[in-house]
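The report below describes how strands, helices and buried side chains are arranged in one protein model. Please look over the sequence and the structure before reading on.

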Amino acid sequence: MSVISNLVSCGGLREPAVKCIDKKNLDFGLNWRAATCRTRISMPFEKNEFQLGIEGKSSRGNKEKRRIRMALIDEKVVYGRDTTERPAVLAYELVQGSLVKWGSVMGKSKPDPPTAVLLHGILGSRKNWGTFTRRLAQEFPAWQFLLVDLRCHGDSASIKKKAPHTVASTAFDVLKLVAQLRITPRVLIGHSFGGKVALSMVEQAAKPLAQSVRVWSLDATPGKVRVGGDGEDHPAELISFIRKLPKEVYSKQDIVNALIQEGFSMDVAQWLVTNLKRNGPPGLPSSSFSWMFDLDGISEMYQSYEETNLWKFVENLPQGVHVNFLKAERSLHRWALEDLQRIHAAEDLAAEEGAGVEMHVLEDAGHWVHADNPDGLFRILSSSFQGFKA
């Protein structure tokens, strides 16, 4: 098993500016048209390729064009410039099973290995998936697993992103990253906010899909977010309280104590302080910590999470897409009877269209499914990695 990371290269980077965006003109290929420039991205499921193109006009009026082409597993890839020369889209780690011998800048003597993308929730980071992903890589050594820090989170917080900070723009970030890495995801796994991001990634893809994709939305419904109640943790309240905390922290325990005193659970308090990083140069002691997120951006992202409705997409899936919803038995996110009824109805509709929708329940788990019951989650997710033939 090997791990590839862009952590060293991403500090303080800004994404390339894309000007003149017409936000009203987003479509499944996420075509952003404007008077003087255009950015286009399409998923690899149409015409067996994933293309990210940027077109514009120089001061002399000559067209300049850059394109990243990523083919599907059964097609040769034509490589352009080395991806390491491009600014980072997001901070990430690529965890590879022991049988994987592939890199985005290597020759194409062999097809790409099957790849799964794992996405964290609000106020999380790719580290949330670290232990679980390494277990997957050991059990399924032919697979590789891409873990990302979403915009405004973790090490990606230093990669400045333009507003709006939404579910859709977050999904677009991940699409750009997989294009840059020249990989084709076969499985998308998203927890909470990340669940809607995974759905949005496929919604923005071209139709119909040439290769099947399995999407897992872990403890997140496609539509209305029903979170918390009296005496329960509520993300919006947590974000509001964090604003009151100092930007520079000298004791993680003081933060844990403050959160518990405010009424948040011990689990949430201990999880939140994983977002603190020690200040100062690596290897040198420091007595202070700073938060690893952009709280203003995260606040917008959470609002978008509550407002984004993807029911129409789930109830009209393109052929080749299989969406799995997983409900935690003790979920912080309340699943209404209406949600369950619509998912079960979508199961029948999807089957008629050659797609699939499925509902799962993870017993003995709260909202943080990969921490509360990792064994049960592993058994449920394993079906997506078994019996794969490249």
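Two strands pair if DSSP finds at least two bridges between them, and the strands themselves (E, at least two residues), like the helices (H or I, at least four), are DSSP runs numbered from the N terminus. This is a predicted model, in which local features need pLDDT of at least 70 and side-chain atom pairs count only at pLDDT 80 or more, while totals for chains, interfaces and linings use all residues. Residues are numbered from 1 along each chain as its sequence is written, and side-chain values use heavy atoms, with hydrogens and water left out.

Eight strands form an open sheet of mixed pairing, in the order 1-6-8-7-9-10-14-15. Strand 1 and strand 15 each have a single partner strand, so one side of each edge strand is left without a neighbour in the sheet. Two of the pairings are set out here.

| Strands | Sense | Bridges | Residues opposite each other |
|---|---|---|---|
| 14 (residues 321–328) and 15 | parallel | seven | Leu-326 and His-360 |
| 6 (residues 92–96) and 8 (residues 144–148) | antiparallel | five | Tyr-92 and Val-148 |

Strand 15 (residues 356–362) is mostly covered, since five of its seven residues are buried, where buried means under 20% relative accessible area with a 1.4 Å probe, counting protein chains only.

The largest nonpolar core, a set of buried Ala, Val, Leu, Ile, Met, Phe, Trp, Tyr and Cys residues joined through side-chain atoms within 4.5 Å, has 72 residues, and Leu-123 and Phe-325 are among those that touch the most other members. Helix 2 (residues 167–181) gives the most to this core, with eight residues. A second, separate core of 25 residues includes Ala-116 and Val-369.

Definitions and conventions. Buried means under 20% relative accessible area, exposed over 50%, partly exposed in between (1.4 Å probe, protein chains only).
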